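Work through the exercises below with the structure in view. Each task is followed by a solution in steps.

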Amino acid sequence: TAVKQERSVALLRGINVGGKNKLAMKDLKQIFADLGCAEVQTYIQSGNVVFLTDSDLLQTLASRVKAAIAERHNLNVPVVLRTASAWRAAIAANPFGEVENLHLMFLEAPAGDTSMLDPNRSPGDFFHVGRAEIYLHCPHGMGNTKLTNAYFDSKLKTISTARNWRTVLEIEKLL
């Protein structure tokens, strides 16, 4: 039987931010190519990789990319994957519509128990938990919210990485 090829996106958390965790996009592309991905492209310098791979490889790709980055660049970088169909479903499920300062936080695993999340943690900011995403509307900006990766990661016992809505839509075009 033919193995299904699927366009997917990898989101790396915390690279090339404020001069820390520097990783050249050409090196990142090479890691994905070396692991068996095709048509590898990056979007901006903050660790967004769009690629074609088979569904079998996709199952282990996040841990293999993380290990390769650690080995080659001595960086511990969380990697969150989404297929093109899951990416588009997350866009379609946006509960806030077209608002300023909208971000989408992608979770490594489905959200699970959300009862520990405090809707009033950051007054004036709003979040909505989807299946494996959190939609953040932060009218005063991400730099001023208490709805951070660290907060959601600790409460939901997962790894998350956020992208602004414009970046989410640009990545969709690459998919």
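**Exercise 1.** Which exposed residues does the face of H5 turned away from its buried side carry?

Solution. The model is a predicted one.
- Step 1: Helix H5 covers residues 165-174, and its buried residues are Trp165, Thr167, Val168 and Ile171.
- Step 2: These residues take up an arc of only 160° around the axis, so they sit on the same side of H5.
- Step 3: The face turned away from that buried side carries Arg166 and Lys173, both exposed.

**Exercise 2.** State what the buried residues of H5 pack against, and find the cap at its N-terminal end.

Solution.
- Step 1: The packing partners of the buried residues include strand E1 (5-12), strand E2 (38-43) and E3. Helix H3 (84-92), strand E5 (102-107) and strand E8 (160-164) are also among them.
- Step 2: The N-terminal end of H5 is capped by Asn164. A side-chain oxygen of this residue lies 3.1 Å from the backbone nitrogen of Arg166.

**Exercise 3.** Describe the buried face of H3 and its surroundings.

Solution.
- Step 1: In H3, the buried residues are Ala84, Trp87, Ala90 and Ile91.
- Step 2: Viewed down the axis of H3, they fall within an arc of 125°, so they line one face of the helix.
- Step 3: The cover over these residues includes E1, strand E4 (79-83), E5, strand E7 (133-137) and H5.

**Exercise 4.** Classify the pair of rings formed by Phe32 and Phe51, then locate both residues.

Solution.
- Step 1: A pair of aromatic rings is described by the distance of the centres and the angle of the planes.
- Step 2: Ring centres must lie within 6.5 Å to pair. By this rule there are four aromatic pairs.
- Step 3: For Phe32 and Phe51 the centres are 5.2 Å apart and the planes stand at 40°, so the pair is tilted.
- Step 4: Phe32 belongs to helix H1 (residues 25-34) and Phe51 to strand E3 (residues 48-54), so the pair links distant parts of the chain, 19 residues apart.
- Step 5: Phe32 and Phe51 are both buried.

**Exercise 5.** Do the same for Phe127 and Phe152.

Solution.
- Step 1: Phe127 and Phe152 form an edge-to-face pair, with 5.4 Å from centre to centre and 80° between the planes.
- Step 2: Phe127 is in strand E6 (residues 126-129) and Phe152 in helix H4 (residues 149-156), so the pair ties together parts 25 residues apart in sequence.
- Step 3: Buried means under 20% relative accessible area. Phe127, at 19% relative accessibility, therefore counts as buried, and Phe152 is buried with 0%.
- Step 4: Phe127 and Phe152 form one aromatic cluster with Tyr151.

Methods:
Residues numbered from 1 in each chain as written. Predicted model: local features only at pLDDT ≥ 70, side-chain atom pairs only at ≥ 80, totals over all residues. Heavy atoms only, no water. Phe/Tyr/Trp six-rings, centres within 6.5 Å; stacked < 30°, edge-to-face > 60°. Helix = DSSP H or I, 4+ residues; strand = E, 2+ residues; numbered from the N terminus. Buried < 20%, exposed > 50% of the residue type's maximum accessible area, 1.4 Å probe, protein only. Arc of directions from axis to C-beta. Contact = heavy atoms within 4.5 Å. Polar contact = N/O pair within 3.5 Å; in protein donor to acceptor, adjacent residues only side chain to side chain.
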